[in-house]
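Welcome! Here is a short briefing to read alongside the structure, moving from the whole chain down to single residues.

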Amino acid sequence: MNKIIIRTYPRLHLSLMGMNNEGYRINGGAGFSITSPQLTLTFIPSFESRIIDQRVVPILDAERNRWVRIIDDCRIKNFFTTGIQCWVTGPVLPHMGLGSDTMIYLSSIEALFLINGAQYKQEDIVFWSRRGGASGVGINTYFTGGYVFDVGVKNRQQGIMPSSQQELPHEIPLLFKSLEVPRWKLGVCFPAKELIRTEMEELMFFKKQVGRIDADDVSRSLYEIVFGITSSIIEYDYKVFCQSINKLQETKWKKAESAQYGEAVFQIEKFLLNSGADCVGMSSFGPAIYYFSENAEELSQNLCQSTYCAESLVCYLNNKPRELMYD
């Protein structure tokens, strides 16, 4: 096999939930795959593992070194004879809230298995990628698309950290529900690149906020995820879905995530709601903002002409898994 191309779809992460050390479980989250923007990874056999990030904003050297370390660890412990060289292209930038790291890591491990002619299961790829430490959304939508709701892991007082900081083998979040999604239209807004946060800033945010989230805050998030978003997807109830997305932004965790950007995210959300969006939310740690509306194209154009948003696109909820192409 001379070349493998893997095209992946991003995920929007609605919210983490069990961000409290006193409950039965910790972490967990909900989110869904969207049709664009897409990330394309091209792999060829190589003696030395190497990643060439050709995006407008590439990953940092420390992140690249971690990728090489994880690939080499998988290669050595599985007795693979061949490594991989990887080219990353596409408009899904690092640390925008679309799950680009998970897309890259899962694709790289899967390509490593394929290039070495090794059989594998989904759980093998997830295990060796070291992703999914905080939420199982990205590690599941990569293989299935659709909507994913996981309930995290048992609370063993192991502490709550973002996935990027959980490189050692960890327990995979328990998948509670995986659903096909309706073909609902949405837009995604990308604020100025200067707003992108680093992994270290994300870690510091976790350390600061986790102790401030109590059981009532967790219950409120779970109510919106279970009774609102998950149920409305099953019943194709767009109205309740949008109501619940909006209410989810009022929870303590999501408010704190948005507040780290000062007025920037708030101004975009306010602009969209005042312009007729049915619901608006920030994906994951941000700063990408999603909005649902039948008039998403018009809203996207208005956003791009405003001073609030650097770029905006229109897409749909996605039920396709990643695409594998061979040469």
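The secondary structure of this protein comes to 10 helices and 14 strands, and the model you are looking at is a predicted one. Its radius of gyration is 19 Å, close to the 20 Å that the globule rule gives for 327 residues, so the protein is as compact as a globular protein of that length. Now let's take it topic by topic.

**The whole protein**

- Along its principal axes, the C-alpha trace spans about 55 × 45 × 35 Å.
- Of the 327 residues, 56% count as buried.
- Many contacts link distant parts of the sequence: among contacts between residues at least 6 apart, 79% join residues at least 24 apart.

**An open sheet and the helices on it**

- Look for 4 strands that form an open sheet in the order 11-12-10-13, with antiparallel pairing.
- Strand 11 (279-282) and strand 13 are the edge strands, since each of them pairs on one side only.
- On average, neighbouring strands of this sheet are turned by 20° against each other, direction ignored.
- Strands of a sheet pair through backbone hydrogen bonds, in a parallel or an antiparallel way.
- Strand 10 (residues 185-190) pairs with strand 13 in the antiparallel sense, over 6 bridges.
- To find this pairing on screen, look for V188, which stands opposite L313 in strand 13.
- Helix 7 (residues 238-248) packs on the sheet and touches strand 11 and strand 12 (289-292). The direction of helix 7 makes about 45° with that of strand 11.
- Helix 9 (residues 264-274) lies across strand 10, strand 11 and strand 12, and helix 9 runs at about 165° to strand 11.

**The nonpolar cores**

- The largest nonpolar core has 64 residues, and those touching the most other members are F32, F43, Y147, L186, I229, F241 and F292.
- Helix 2 (residues 100-115) gives the largest share of this core, with 10 residues.
- Another core lies apart from it and has 24 residues, among them F205, L272, A277 and F285.
- Back in the largest core, F32 is a good residue to click on. Leaving out residues up to four places away in sequence, its contacts include P10, L14, V137, Y147, V181, F241, F292 and L317.

**A closer look at N318**

- Where does N318 sit? It is found in the loop between strand 13 (311-316) and strand 14 (323-326).
- Is N318 buried or exposed? Its relative accessible area is 3%, which is under the 20% cut-off, so N318 counts as buried.
- The side chain of N318 makes a polar contact with the side chain of S33, at 2.8 Å.
- The N318 side chain also reaches the backbone oxygen of K320, at 2.9 Å.
- Not counting residues up to four places away in sequence, N318 touches Y9, S33, I34, T35, G145, G146 and V181.

**A closer look at E257**

- E257 is found in helix 8 (residues 252-259).
- E257 is buried, with a relative accessible area of 3%.
- Which residues does E257 touch, not counting those up to four places away in sequence? They are F205, M282, S284 and F285.
- Two of these names may look familiar: F205 and F285 are among the members of the core of 24 residues.

Note on methods:
Residues are numbered from 1 along each chain as its sequence is written. This is a predicted model: local features need pLDDT of at least 70, side-chain atom pairs count only at pLDDT 80 or more; totals for chains, interfaces and linings use all residues. Side-chain values use heavy atoms; hydrogens and water are left out. Helices (H or I, at least four residues) and strands (E, at least two) are DSSP runs, numbered from the N terminus. Buried means under 20% relative accessible area, exposed over 50%, partly exposed in between (1.4 Å probe, protein chains only). A polar contact is a pair of N or O atoms within 3.5 Å; within protein, one must be able to donate a hydrogen and the other to accept it, and residues adjacent in sequence count only if both atoms are side-chain atoms. Contact means heavy atoms within 4.5 Å. A nonpolar core is a set of buried Ala, Val, Leu, Ile, Met, Phe, Trp, Tyr and Cys residues joined through side-chain atoms within 4.5 Å. Two strands pair if DSSP finds at least two bridges between them. Axes are lines fitted to C-alpha atoms, for helices over the stretch in contact, and angles run from 0 to 180 degrees between N-to-C directions. The radius of gyration is taken over C-alpha atoms; the globule rule is 2.2 Å times the number of residues to the power 0.38.
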